[in-house]
Amino acid sequence: MSLIPRSTNINPNEKFDTIIIGLGPAAYSAALYAARYMLKTLVIGETPGGQLTEAGEVDDYLGLIGVQASEMIKLFNAHVEKYKVPVLMDRVESFKREGEEYVVKTKRKGEFRASTLIVAVGTKRRKLNVPGENEFIGRGVSYCSVCDAPLFKNRPVVVVGGGNSALDGAELLSRYATKVYLVHRREEFRAQPIIVKLVKEKPNVELILNSVVKEIKGDKLVRKVVVQNMKTGEVREIDANGIFVEIGFEPPTEFAKINGLEVDEQGYIKVDDWTRTNLPGVFAAGDCTNKWIGFRQVATSTAMGAVAAHSAYNYLNERKGKT
Ligand code: NAP
């Protein structure tokens, strides 16, 4: 089983029932369901697995007990390949409606046409926007504990955030780093209680609560992280060679704006219970939508992907009925 889908050459004149934009769990699930509804389907995306590529062991997807995320992506790929759904490794820049169809413009391989679209573009990582952050990216500043934890063996590190990503990251890093300082801006964590308990029990994890990062300092590499307690005002310089920024994700506001998709007040694509957006024949699924914010799971994304394919199928049938 491969991590990368079979590469596909698509004739630009070929017209699809649906084009799925994205290659994360929501997109894979939409592709599977669309194929089973026998819709002529094309998937266009750049990163097989999406955010799942940044996960380690996954133990909250029913039936796959303690599976590595990379294995899960291979399984998703294999399942979609079974139905011979073509996957184009490219980036969708925009789409526009022309008559009864949508024309999807990609970065490298040109334009493709479909009657419906399923947008599953995910989200981007949020940054701290403090001095030193950009300067030390790749030299101690990381946004992915799972990817970079082993690089910090026997070194002290800081993890920032209070959600599942930060707590998962702190737990993983505690197995490599000499010391993990977990900096969170509040007293309470929003991560799942089971992982909070696990982290609190780690002897080499120190919680620095009600605190924010003010600056990252170093020379060739990160040497210090400056944090401030927001209640007392006290400033502390922590000796650390790494800082893992795990503070959540930014909504796909720009992509939505370019394509005329309505967003909520936070910038997530607005969908109804059937994943319908404000545009006819355009559905959206997964983290890019305004559904279940704060509970982003592989399970919720795959559920939405399935619903989106079902809705696209119904939309096409209803349209056929009218012609
Ligand atoms: P998240 O749940 O949005 O949490 C982000 C954390 O960063 C929050 O604790 C937030 O603080 C803090 N934060 C946000 N902006 C900040 C800033 N500018 N400075 C300092 N702190 C800031 O993000 P996530 O942990 O990356 O998780 C994203 C989604 O993926 C969630 O739905 C999560 O459940 C899911 N996920 C699930 C798993 C799993 O099930 N194992 C693993 C990873 C992620 P406040 O709490 O004060 O807002």
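## Who lines the cavity

Let's start with the walls of the largest cavity: its lining residues split into 3 nonpolar, 3 polar and 3 charged. Keep in mind that this is a predicted model.

So which residues line that cavity? They are G286, D287, K291, W292, F295, R296, T300, S301 and M304. W292, F295 and M304 count as nonpolar, while D287, K291 and R296 count as charged. G286, T300 and S301 go in the polar group.

## How much space there is

Rolling a probe the size of a water molecule over the atoms shows where empty space is left. How many cavities of 30 Å³ or more does the structure hold? The count is 1. As for volume, the largest cavity has about 40 Å³ of space in it.

## The disulfide

Now on to the cysteines. The structure has 1 disulfide, and the two residues it joins are C144 and C147, with an S to S distance of 2.1 Å. Which hand does this disulfide have? The torsion about the S-S bond of C144 and C147 is about 70 degrees, so it's right-handed.

## Buried or not

How do the two joined cysteines sit, buried or partly exposed? C144 has a relative accessibility of 7%, so it counts as buried. C147 comes in at 42%, so it counts as partly exposed.

There's also C288 to look at. Its relative accessibility is 0%, which is under the 20% cut-off, so C288 counts as buried.

Methods:
Residues are numbered from 1 along each chain as its sequence is written. This is a predicted model: local features need pLDDT of at least 70, side-chain atom pairs count only at pLDDT 80 or more; totals for chains, interfaces and linings use all residues. Side-chain values use heavy atoms; hydrogens and water are left out. On a 1 Å grid over the protein atoms alone, a cavity is a set of points where a 1.4 Å probe fits but cannot get out, and a pocket is an open set with protein on both sides within 12 Å along at least five of seven lines; lining residues have an atom within 4 Å of a point. Grid points are joined across faces, edges and corners, and a volume is the space filled by probe spheres set on the points. A disulfide is a pair of cysteine sulfur atoms within 2.5 Å. Buried means under 20% relative accessible area, exposed over 50%, partly exposed in between (1.4 Å probe, protein chains only).
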